Amino acid sequence: MFYNSEKALISKFLETYHKVFPYNTITVKKERNLWRVSTSNSLFATIAANLGVESPNQQSDIRRVLYSKPKLVCAFLKGYFDGDGGAHFKVKSKTKGVYSYIRLFTSNKTNAKRLHQMLLKLGITNNIFGKKGYYAVDIDSVFSKRKFI
């Protein structure tokens with residue numbers, strides 16, 4: 001199961017999925033501002049697991065994505081951000097200036113390190129914050145935020 005807000009991406013996924021798995025069912029449902037796509041497909045789950053995406057999250061290790069081509073890493077990070085990322089922008093009222101952040105969240109320390117490495121591979125500086133059970137990969141500089149966007 002995955003979520004995404006871009007209908008075009010969902011449509012492309014469905015088109016590709018049906019080409020590869022023409023007889024498997026897939027469910028698409030709009031929930032708030034996101035599209036939810038789900039399927040019970042053991043082969044698809046095996047492919048995802050071979051990329052390091054497993055459930056429960058504590059068993060997941062996305063190392064294979066890290067060593068993929070930059071284009072795949074970018075696509076993965078975009079999808080990851082849509083599911084487990086956040087951004088905030090605020091104009092400071094008392095002092096001149098702005099405050100903003102872009103973060104990726106995970107409960108898996110290994111994957112926090114992998115996300116950190118993927119971003120560095122793309123020239124995006126970042127830091128890992130957190131403690132056991134909760135980690136945030138924070139994109140820190142203005143240049144890196146612009147590059148990520």
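In which strand is the place of I102? In this predicted model, I102 sits in strand β5, which spans residues 98-106. A look at the whole chain helps to set the scene before returning to this residue.

The protein chain contains 6 helices and 7 strands. Followed along the sequence, these elements come in the order β-α-β-β-α-α-α-β-β-α-β-β-α. Taken along the principal axes, the C-alpha atoms fill a box of roughly 60 × 30 × 30 Å. Of the 149 residues in the protein chain, 29% are buried. Among contacts with a separation of 6 or more, 46% are between residues 24 or more positions apart. The accessible surface of the protein chain amounts to about 10100 Å², and carbon and sulfur atoms supply 57% of that area.

Back in strand β5, the relative accessible area of I102 is 7%, and I102 is therefore classed as buried, the cut-off being under 20%. Leaving aside residues up to four places away in sequence, the contacts of I102 are F81, G86, A87, V137, D138, I139, K145, F148 and I149. F89 lies 13 residues from I102 along the chain, and the C-alpha atoms of these two residues are separated by 9.0 Å.

Helix α1 offers a clear view of two faces. This helix runs over residues 7-20, 14 residues in total, and its first and last C-alpha atoms are 20 Å apart, close to the 20 Å expected at 1.5 Å a residue. Its buried residues are I10, L14 and Y17. Why do these residues share one side of α1? They cover an arc of only 70 degrees around the axis, which places them on the same side of the helix. As a general matter, an α-helix has 3.6 residues a turn, so residues three or four places apart point the same way. The cover over the buried residues of α1 includes strands β1 (2-4), β2 (27-31) and β3 (34-38), together with helix α2 (42-50). On the other side of α1, the exposed residues are A8, K19 and V20.

Helix α1 also carries linked charges, with K12, E15 and K19 joined in a network of salt bridges. The side chains of E15 and K12 meet with an N to O distance of 3.8 Å, and those of E15 and K19 meet at 3.5 Å. Both pairs lie within α1: E15 and K12 are 3 residues apart, while E15 and K19 are 4 residues apart, about one turn of the helix in each case. E15 counts as partly exposed because its relative accessibility is 40%, and K12 is likewise partly exposed, at 48%. K19, at 61% relative accessibility, counts as exposed because it passes the 50% cut-off.

The count of salt bridges comes to 5. Another of them pairs E31 with R36, where the closest N and O atoms are 3.2 Å apart. E31 is partly exposed, with a relative accessible area of 26%.

The surface also has a nonpolar patch, made up of L43, I47 and L51, with about 250 Å² of accessible area together. One of these residues, L43, is found in helix α2. Is L43 exposed or partly exposed? With a relative accessibility of 48%, L43 counts as partly exposed. Helix α2, where L43 is found, is also among the elements that cover the buried residues of α1.

Terms used. Residues are numbered from 1 along each chain as its sequence is written. This is a predicted model: local features need pLDDT of at least 70, side-chain atom pairs count only at pLDDT 80 or more; totals for chains, interfaces and linings use all residues. Side-chain values use heavy atoms; hydrogens and water are left out. The expected span of a helix is 1.5 Å times one less than its number of residues. Buried means under 20% relative accessible area, exposed over 50%, partly exposed in between (1.4 Å probe, protein chains only). The arc is that of the directions from the helix axis to the C-beta atoms. Contact means heavy atoms within 4.5 Å. Patches are made of residues with over 30% relative accessible area and no salt bridge: like charges are joined within 9 Å, nonpolar side chains (Val, Leu, Ile, Met, Phe, Trp, Tyr) within 5 Å. Accessible areas come from the Shrake-Rupley method with a 1.4 Å probe; for residues, only the protein chains shown count as cover. A salt bridge is a side-chain nitrogen of Lys or Arg within 4 Å of a carboxyl oxygen of Asp or Glu.
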